[in-house]
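Please read the following note with the sequence and the structure side by side. The points are numbered so that each may be checked in turn.

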Amino acid sequence: MSDDHDDFGGISRDLPRLLGRRRMLGLLAGGAAVTLAAACSSAPVPGSAAAGDAASGAIPEETGGPYPADGSNVPDVLDDAGLVRSDIRSSFGSSTTTAAGVPLQIALTLRDGTGAALAGAAVYVWHCDRDANYSLYSRAAAGENYLRGVQAADAAGKVSFTSIFPACYRGRWPHVHFEIYRSLADATSSGNAVRTTQLALPQETCEAVYATDGYAGSVRTLSQVSLTSDMVFRDGWDRQLATMTGDVTSGLTASLPVVV
């Protein structure tokens with residue numbers, strides 16, 4: 001199991017990891033130490049974006065982590081031919097390796113604060129493989145770009161990706177990263193993202209998946225972390241915890257309503 005993940009690195013990596021790249025830029029622009037201290041706490045600051053998200057029911061802004069491959073932390077695949085796809089299990093381009101694992105559908109429904117569907121909005125999704133490697137970054141998957149993809153929402157605001165269930169690695173609860181853009185045209189630069197966030201996977205499902213072949217390394221790491229200790233989800237996960245259907249044999253679906 002790979003060890004080169006979000007929970008490693010010095011303060012230069014830790015602050016962007018905890019606060020998120022865009023939040024960090026805002027804090028630096030404000031230049032107020034008290035604001036920075038408040039943002040580092042687990043509770044939303046009154047009047048902040050996090051507090052506003054909680055009040056509106058919007059999914060919270062979260063860090064993209066060290067491995068987004070969206071240009072904010074090189075490399076950048078957002079404008080690569082082949083990234084717009086619904087099945088993200090295989091690499092595209094020079095490699096066609098397929099990531100192995102329990103089948104997982106990631107089904108998101110995008111709406112604005114009034115409940116209106118965000119038809120045509122685009123979502124960029126990425127997550128680690130069953131060995132806890134992130135394509136393009138982790139040594140074992142540096143030559144791959146699997147488990148990454150972009151899709152546009154339909155008229156009902158729905159978007160779906162065919163993938164595999166990710167591993168649990170040290171320091172993090174099992175999760176899926178995603179960014180939301182106003183359109184496919186906007187989803188070619190990370191600076192256009194209107195929300196960067198994460199989806200949490202339920203414990204019961206994680207335990208069932210990790211009991212299957214290929215996930216043995218995740219059994220111990222899952223036992224050492226919880227939603228309440230996770231650096232991202234510990235301040236609340238009610239808007240980020242997926243609803244699961246299916247089973248490990250026929251495949252699972254993780255569904256999440258997303259208010260932006």
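**Notes on strands, cores and salt bridges**

1. Strand S7 (residues 243–247) and strand S8 (residues 251–259) run antiparallel and are joined by five bridges. The structure discussed here is a predicted model. S7 and S8 form a hairpin, with three residues between them. To locate the pairing, begin at Thr243, which stands opposite Ser255 in S8.

2. S8 should also be considered together with the nonpolar interior. The largest nonpolar core has 43 residues, and those with the most contacts inside it are Leu108, Val123, Phe165, Phe178 and Leu199. At least two residues of this core come from each of S1, strand S2 (122–126), strand S4 (158–164), strand S5 (175–181), S6, helix H5 (203–210) and S8.

3. Leu199 merits individual inspection. Leaving aside residues up to four places away in sequence, Leu199 touches Ile106, Leu108, Pro174, His175, Val176, Phe178, Phe233, Gln240, Ala242 and Leu256. Apart from the core of 43 residues lies another core, of 19 residues, among them Leu78, Trp126, Val150 and Ala187.

4. The charged side chains form the next topic. Side chains of opposite charge can pair when their charged atoms come close. How many salt bridges does a search of the whole structure find? The search finds four; the points below treat examples.

5. One salt bridge is formed by the side chains of Arg195 and Glu61, at 3.3 Å from N to O. Arg195 belongs to strand S6 (residues 195–200), whereas Glu61 lies in the loop between helix H4 (49–56) and strand S1 (103–111), so the pair ties together parts that are 134 residues apart in sequence. Are Arg195 and Glu61 buried or exposed? Both residues are buried.

6. The side chains of Arg89 and Asp87 also meet in a salt bridge, with an N to O distance of 2.7 Å. Arg89 is partly exposed, because its relative accessible area is 29%, which falls between the limits of 20% and 50%. Asp87 is likewise partly exposed, with a relative accessible area of 31%.

7. A further salt bridge joins the side chains of Arg239 and Asp238, at 3.8 Å from N to O. This distance satisfies the criterion, since the nitrogen must be within 4 Å of the carboxyl oxygen. Arg239 is partly exposed, with a relative accessible area of 26%. Asp238, by contrast, has a relative accessible area of 61% and is therefore exposed, the limit being over 50%.

Key: Residues numbered from 1 in each chain as written. Predicted model: local features only at pLDDT ≥ 70, side-chain atom pairs only at ≥ 80, totals over all residues. Heavy atoms only, no water. Helix = DSSP H or I, 4+ residues; strand = E, 2+ residues; numbered from the N terminus. Buried < 20%, exposed > 50% of the residue type's maximum accessible area, 1.4 Å probe, protein only. Pairing = 2+ DSSP bridges. Core = buried A, V, L, I, M, F, W, Y, C linked by side-chain atoms within 4.5 Å. Contact = heavy atoms within 4.5 Å.
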